Amino acid sequence: MTRPGAEPGYVFCARVADREQAIFRSVPAGPERAGGDGVISDTLTCLAQAQCDQDSVRAMREEAHRGAYDAWERARQDIFESWQHATDPANLQPRIPKPMRDAAELLRSNPPPELEQAELDRISDAIEAPYGARIQRMFRGAIASSENSIEQARAIVEMVKELGLEPAPAPEPLPVIELEDVHLVCWIAVSDR
């Protein structure tokens with residue numbers, strides 16, 4: 001496809017093993033445009049790269065056709081490596097912001113006596129999540145609300161109840177695959193001329 005102003009390259013649609021979910025990769029044409037490996041994995045960016053309009057011309061130059069094989073190997077390798085990364089549960093754990101780690105640690109080291117262990121564990125698990133800046137500020141405020149550690153822990157428990165925070169489910173790792181499990185569904189070459 002030729003589209004004026006387009007970034008030359010390739011967009012691939014692939015599937016992994018027997019999964020129905022489509023996976024997209026965009027690969028810039030030529031190593032000089034790649035800037036490293038240059039493979040783009042963001043679905044919306046890939047689809048935007050492949051879009052066409054009334055000014056798009058359906059055409060395929062021989063060099064674009066030959067370049068598609070190398071580009072597919074780069075895209076396929078990138079899909080495989082991303083998938084393999086997601087097979088390890090340790091790689092899927094969210095990064096917990098410091099205020100949330102501090103609140104959970106304070107709660108564990110100074111549990112309010114009226115709180116049973118199961119409830120303490122549930123609240124601690126609910127706190128240890130990647131919350132945004134607003135909730136982080138609220139927990140900093142709960143910690144700063146008193147000089148007494150037990151009172152700080154009670155303020156944290158109240159904050160969890162007030163906000164209705166619940167433990168997040170554990171992320172489900174992907175099954176291990178081989179490179180041969182990454183299958184091409186379709187592709188398009190994009191040119192600016």
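Biologist: In this predicted model, what makes C13 count as buried?

Modeller: The relative accessibility of C13 is 10%, and buried means under 20%, so C13 falls on the buried side of that cut-off.

Biologist: How do you know that C13 and C186 are not joined by a disulfide?

Modeller: The closest cysteine sulfur to that of C13 is in C186, at 4.5 Å, whereas a disulfide needs the two sulfur atoms within 2.5 Å, so the distance is too far for a bond.

Biologist: And what rules out a bond for C46?

Modeller: For C46 the closest cysteine sulfur is that of C13, 10.0 Å away, which is again too far for a bond; the search of the whole structure finds zero disulfides. C46 is also buried, because its relative accessible area is 0% and the cut-off is under 20%.

Biologist: Why is the pair of Y10 and F12 called stacked?

Modeller: Their ring centres are 6.2 Å apart, and rings pair if the centres lie within 6.5 Å; their planes stand at 25°, and planes under 30 degrees apart count as stacked, so the name applies. The two residues also belong to one aromatic cluster with W72 and W187.

Biologist: How do you know that the buried residues of helix α6 line one face?

Modeller: Those residues are L120, I123, S124, A126 and I127, and seen down the helix axis they fall within an arc of 160°, so they line one face of α6. On the other side, Q117 and A118 are exposed, while what covers the buried residues includes α5, α7 and α8.

Technical notes. Residues are numbered from 1 along each chain as its sequence is written. This is a predicted model: local features need pLDDT of at least 70, side-chain atom pairs count only at pLDDT 80 or more; totals for chains, interfaces and linings use all residues. Side-chain values use heavy atoms; hydrogens and water are left out. Rings of Phe, Tyr and Trp (its six-membered ring) pair if their centres lie within 6.5 Å; planes under 30 degrees apart count as stacked, over 60 as edge-to-face and the rest as tilted. Buried means under 20% relative accessible area, exposed over 50%, partly exposed in between (1.4 Å probe, protein chains only). Helices (H or I, at least four residues) and strands (E, at least two) are DSSP runs, numbered from the N terminus. The arc is that of the directions from the helix axis to the C-beta atoms. Contact means heavy atoms within 4.5 Å.
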